[in-house]
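Visitor: Hello! Could you walk me through a few helices, one step at a time?

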Amino acid sequence: MALVTSKAMFEDAYKNGYAIGAFNVNNMEIIQGITEAAKEENAPLILQVSSGARKYANHTYLMKLVEAAIIETDLPICLHLDHGDTFELCKSCVDGGFTSVMIDGSHLKLEDNIALTKKVVDYAHAHGVVVEGELGRLAGIEDAINVSAEDSSYTDPAEVEEFVTKTGVDSLAIAIGTSHGAYKFTAAQCTRNAQGVLVPPPLRFDILKEVSRRLPGFPIVLHGSSSVPQNFVKMINDNGGKMPDAVGIPEDQLREAARMSVCKINIDSDLRLAMTGSIRQYFSEHPDHFDPRQYLRPARENIKQIVKHKLVNVLGCAGKASLF
Ligand SMILES: [Zn+2]
């Protein structure tokens, strides 16, 4: 098995009401946790690399780790650039062996977003690589992306046909109320449930439906779709961390989106929380240990468990890997 694009995955996901998980990777333990989970659940995968991750871990190291994961698991894996911000970065990833890139021109005026995205599409398609574009702006923080609530905006469905037709993109990320990071909403935007945990405002399914009506059969992408599991937030806070009121997108709403036209759901913060919670707890319980393998092993295991849960209960893509 070699790296694949997401084209066939999205076609089947669209037809059968599930989504492919796109998990961000930065190092060996994260890649192992994700791919071991997908192997056990026989799930197709998108592994995605942000420009920050590429700077942190180095392109060649990440490529070789992902190649190793393919050899070990024999799974169909798409390697995707998350939030490419320039043509040059996208070109570098296309030239360097990625099978999918995102060009994020969502902060630009529509015509400039179209021009930049089309330039990337022309280059990528000539090299057999697929492209994700974005319309609308998510709030929140992810690596170099930092958008305040005031600057965020929902996707305007009136723009999607022109954008997709003029650029030739293969998938489209839209903003319907998801948000980057572990602090997706302020307390003022939320209500509280009986346990005192913040409950965020519901996703704008009306926008998703209107986008899908205008783009029948076209794969939609949701960014910022971690659910911020409260057991990991508690594990962090109980062991010296300080993450009050971290809250995410309810998983039943993501499952609903996956049944509709959403074919790719991006999950990063949940894996970070699993890793950080595990390590904090390990350090609290074993203050005398100093071998990184000791505390990275449970971190990797918890990443694996949360990814398995997502594949089965949220994305619905378990058992689909043998199709590709
Ligand atoms: Zn994103």
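**Two helices and a crossing**

Visitor: How many Å does helix α6 (residues 110–126) reach from its first C-alpha to its last?
Guide: This is a predicted model, in which local features need pLDDT of at least 70, side-chain atom pairs count only at pLDDT 80 or more, and totals for chains, interfaces and linings use all residues. Residues are numbered from 1 along each chain as its sequence is written. Helices are DSSP runs (H or I, at least four residues), numbered from the N terminus, as are strands (E, at least two). With 17 residues at 1.5 Å a residue (times one less than the number of residues), α6 is close to the expected 24 Å, reaching 24 Å.

Visitor: Which residues of α6 are buried?
Guide: A residue is buried if 20 or more other C-beta atoms, placed from the backbone, lie within 10 Å of its own (exposed: 12 or fewer; partly exposed: in between). In α6 that picks out Asn113, Ile114, Leu116, Thr117, Val120, Val121 and Ala124.

Visitor: Which residue just after α6 takes a positive phi?
Guide: We look just past the end of α6, where phi is about 75°. The residue there is Gly128.

Visitor: How far does α2 reach from its first C-alpha to its last?
Guide: Helix α2 covers residues 28–41 and has 14 residues. Its buried residues include Ile30, Ile34 and Ala38. The reach is close to the 20 Å expected at 1.5 Å a residue, namely 20 Å.

Visitor: Which residue just after α2 takes a positive phi?
Guide: Here phi is about 50°. The residue is Asn42.

How values were computed. Axes are lines fitted to C-alpha atoms, for helices over the stretch in contact, and angles run from 0 to 180 degrees between N-to-C directions.
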